[in-house]
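Colleague: Please take a close look at the nonpolar core of this chain, and at the surface around it. A connected account would suit me better than a list.

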Amino acid sequence: MDSESLIACHDCDLLHRLSIVPAGMSAKCCRCGALLIRPKADSLNRTLSLAFTGVILLFLANSFPLLGFELQGQVRHVLLFTGIMNFYTSGMHGLAVLVLFTTIIVPLSQLLALIYILLPLRFNRQMPGIFSLFRWIQNLKPWSMMEVFMVGILVSIVKLSKTAQIITDVAAFCFMALIFVMAACLASLDPHIVWDNWKKDKCTSNP
């Protein structure tokens with residue numbers, strides 16, 4: 001049996017031998033009915049485009065003011081990193097680290113790691129350590145909580161709107177766009193593209 005065509009069910013561990021599954025079609029486990037594989041059309045190019053877009057949006061979201069507060073004729077603009085520093089200087093060190101980790105470090109790490117992995121594959125090349133890095137990306141997914149942070153911002157806007165005029169700045173729109181771009185990037189990624197290259201690498205290194 002050809003090891004390149006073997007795939008194990010993630011639910012019941014039954015091994016299947018699959019031929020090439022066309023994009024738009026799917027293969028399911030013959031024992032439990034769980035999804036085995038569903039190839040996505042042009043996954044590599046779409047994921048790379050979204051990853052580069054996400055890096056640009058993340059840079060803009062941290063370079064421009066997030067919100068502006070106008071009170072008694074005075075306007076104060078706040079950057080995302082400024083808010084994190086305010087948490088830290090106020091004694092809320094754990095919250096500051098958590099916000100920094102989940103809204104900046106994790107999204108940036110995911111996007112840069114995807115570019116590092118997928119860009120060489122786009123040109124039929126491989127960079128060292130991409131498979132361990134890809135596993136690491138999968139483990140980071142639960143820690144990307146930008147949408148939770150955005151909900152917190154919206155709640156704060158509603159509460160503060162009674163005492164001051166809230167001005168939505170450029171970074172807020174970039175951050176909202178980044179949430180959708182990150183979701184689309186991870187949704188368009190077909191993990192089998194990476195693992196198939198791992199199989200080819202094993203076959204070429206072990207003739």
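**The core and its surroundings**

Modeller: From the N terminus on, the order of elements is β-β-β-β-α-β-β-α-α-α-α-β-α-α, which comes to seven helices and seven strands. The model is predicted. The chain has 207 residues, and buried residues make up 34% of them.

The largest nonpolar core has 38 residues. Inside this core, the residues with the most contacts are I117, L118, F175, L178 and V194. The elements that give two or more residues to the core are α1 (43-63), α2 (80-89), α3 (93-122), α4 (130-140), α5 (146-160) and α6 (170-188). Of these, α3 gives the most, with 10 residues. In general, nonpolar side chains in soluble globular proteins tend to be buried together. Another core lies apart from the largest one; it has eight residues, including I7, C29, L36 and I37.

Some nonpolar residues are not buried, and they deserve the same attention. A nonpolar patch on the surface is formed by F52, L119 and F123, which together have about 290 Å² of accessible area. F52 is placed in helix α1, and L119 in helix α3. The relative accessible area of L119 is 33%, so this residue counts as partly exposed and not as buried, for which the value would have to be under 20%. F52 is also partly exposed, because its relative accessibility is 38%. As for its position in space, the C-alpha atom of F52 is 7.5 Å from that of I115, although 63 residues separate the two along the chain.

A pair with a wider separation in sequence involves I193, in helix α7 (residues 191-205). I193 and L44 are 149 residues apart in sequence, and their C-alpha atoms are 7.7 Å apart. I193 has a relative accessibility of 24% and therefore counts as partly exposed.

Back in the N-terminal part, L36 of the eight-residue core can be related to L18, since the C-alpha atoms of L18 and L36 are separated by 9.7 Å, with their positions 18 residues apart along the chain. L18 lies in the loop between β2 (15-17) and β3 (27-28). At 25% relative accessibility, L18 is partly exposed. The loop that runs between β3 and β4 (35-37) holds C32. Its relative accessible area is 41%, so C32 is partly exposed. The C-alpha atoms of C32 and D11 are 7.7 Å apart, and the two residues are separated by 21 positions along the chain.

The surface also carries charge. K28, R38, K40, R46 and K141 gather there in a patch of positive charge. One of them, R46, has its place in helix α1, the helix that also holds F52 of the nonpolar patch. R46 counts as partly exposed, because its relative accessibility is 36%.

To put the parts together: helix α1 is among the elements giving two or more residues to the largest core, while F52 in α1 belongs to the nonpolar surface patch and R46 in α1 to the positive one. Helix α3 gives the most residues to that core, and L119, which lies in α3, is part of the nonpolar patch.

Key:
Residues are numbered from 1 along each chain as its sequence is written. This is a predicted model: local features need pLDDT of at least 70, side-chain atom pairs count only at pLDDT 80 or more; totals for chains, interfaces and linings use all residues. Side-chain values use heavy atoms; hydrogens and water are left out. A nonpolar core is a set of buried Ala, Val, Leu, Ile, Met, Phe, Trp, Tyr and Cys residues joined through side-chain atoms within 4.5 Å. Buried means under 20% relative accessible area, exposed over 50%, partly exposed in between (1.4 Å probe, protein chains only). Helices (H or I, at least four residues) and strands (E, at least two) are DSSP runs, numbered from the N terminus. Patches are made of residues with over 30% relative accessible area and no salt bridge: like charges are joined within 9 Å, nonpolar side chains (Val, Leu, Ile, Met, Phe, Trp, Tyr) within 5 Å. Accessible areas come from the Shrake-Rupley method with a 1.4 Å probe; for residues, only the protein chains shown count as cover. A salt bridge is a side-chain nitrogen of Lys or Arg within 4 Å of a carboxyl oxygen of Asp or Glu. Lys and Arg count as positive and Asp and Glu as negative; His and the chain ends are not counted. The place of a charge is taken as NZ of Lys, CZ of Arg, CG of Asp or CD of Glu.
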